[in-house]
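Biologist: I should like to learn how to read the features of a structure. May we go through one together?

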Amino acid sequence: MLGHLALIVAASFASAAFYVNFAEQPARLALDDRMALLQWQRSYARAALMQASLALLGFLLGLAAWWWQGRDALWLAGAVAMLAPWPWTLLVIKPVNDRLNAAAPERAGADSRLLIERWGRLHAGRTAFGILATILFLCAII
């Protein structure tokens, strides 16, 4: 049961992250600079808590599945892949996040748009970690 829950959480994380890259980011970039920045700021504030929670829950479930379901390395690797978005965000994406959060929407322009575009490329790393975790957990179940 733990492994199936880990898979569900990993797939939920990957799906949410993919949605951002596939639907939300392109829609955001279709807006003018001010609205794109404002939308990013409001969206990120809400999404960060959800994605961080899913990553932590997926890590804990993957770790529990590894411990109680035969100590298969796939569970452990999936758990690590679920937690990987945290250091990725803190070390790689956070400087961009900080600059975007500090930017005033009324002063948005080419610089803020470039940061939003960069953020989208960096966010794809989170999506990749979620997909990797999902695949690892699925392989562990099979």
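Biologist: Which residue takes a positive phi just after α2?

Modeller: This is a predicted model. In it, G70 has a positive phi of about 90 degrees, just after α2.

Biologist: How many residues does helix α2 have, and what distance does α2 reach from its first C-alpha to its last?

Modeller: Helix α2 covers residues 33–68, which is 36 residues. From first C-alpha to last, α2 reaches 50 Å, close to the 52 Å expected at 1.5 Å a residue. There is nevertheless a kink of about 30 degrees in α2, centred on Y44.

Biologist: Which residue caps the N-terminal end of α2?

Modeller: That residue is D32, with a side-chain oxygen 3.1 Å from the backbone nitrogen of R34.

Biologist: Let us turn to L7, which lies in helix α1. Why does L7 count as buried?

Modeller: A residue is called buried when its relative accessible area is under 20%. L7 has 18% relative accessibility, and therefore counts as buried.

Biologist: Which residues is L7 in contact with, leaving aside its neighbours within four places in sequence?

Modeller: Those residues are T134, F137, L138 and I141. L7 and F137 are 130 residues apart in sequence, yet their C-alpha atoms are 5.5 Å apart in space.

Biologist: Which helix gives the most to the lining of the largest pocket?

Modeller: It is α2, with seven residues. The lining has 18 residues, and Y44, A48, A52, T89 and R126 lie nearest the centre of the pocket. Y44 is also where the kink in α2 is centred. The volume of this pocket is about 270 Å³. Helices α1, α2, α4 and α5 each supply at least two residues of the lining.

How values were computed: Residues are numbered from 1 along each chain as its sequence is written. This is a predicted model: local features need pLDDT of at least 70, side-chain atom pairs count only at pLDDT 80 or more; totals for chains, interfaces and linings use all residues. Side-chain values use heavy atoms; hydrogens and water are left out. Helices (H or I, at least four residues) and strands (E, at least two) are DSSP runs, numbered from the N terminus. The expected span of a helix is 1.5 Å times one less than its number of residues. The bend at a residue is the angle between axes fitted to the seven residues ending there and the seven starting there. A polar contact is a pair of N or O atoms within 3.5 Å; within protein, one must be able to donate a hydrogen and the other to accept it, and residues adjacent in sequence count only if both atoms are side-chain atoms. Buried means under 20% relative accessible area, exposed over 50%, partly exposed in between (1.4 Å probe, protein chains only). Contact means heavy atoms within 4.5 Å. On a 1 Å grid over the protein atoms alone, a cavity is a set of points where a 1.4 Å probe fits but cannot get out, and a pocket is an open set with protein on both sides within 12 Å along at least five of seven lines; lining residues have an atom within 4 Å of a point. Grid points are joined across faces, edges and corners, and a volume is the space filled by probe spheres set on the points.
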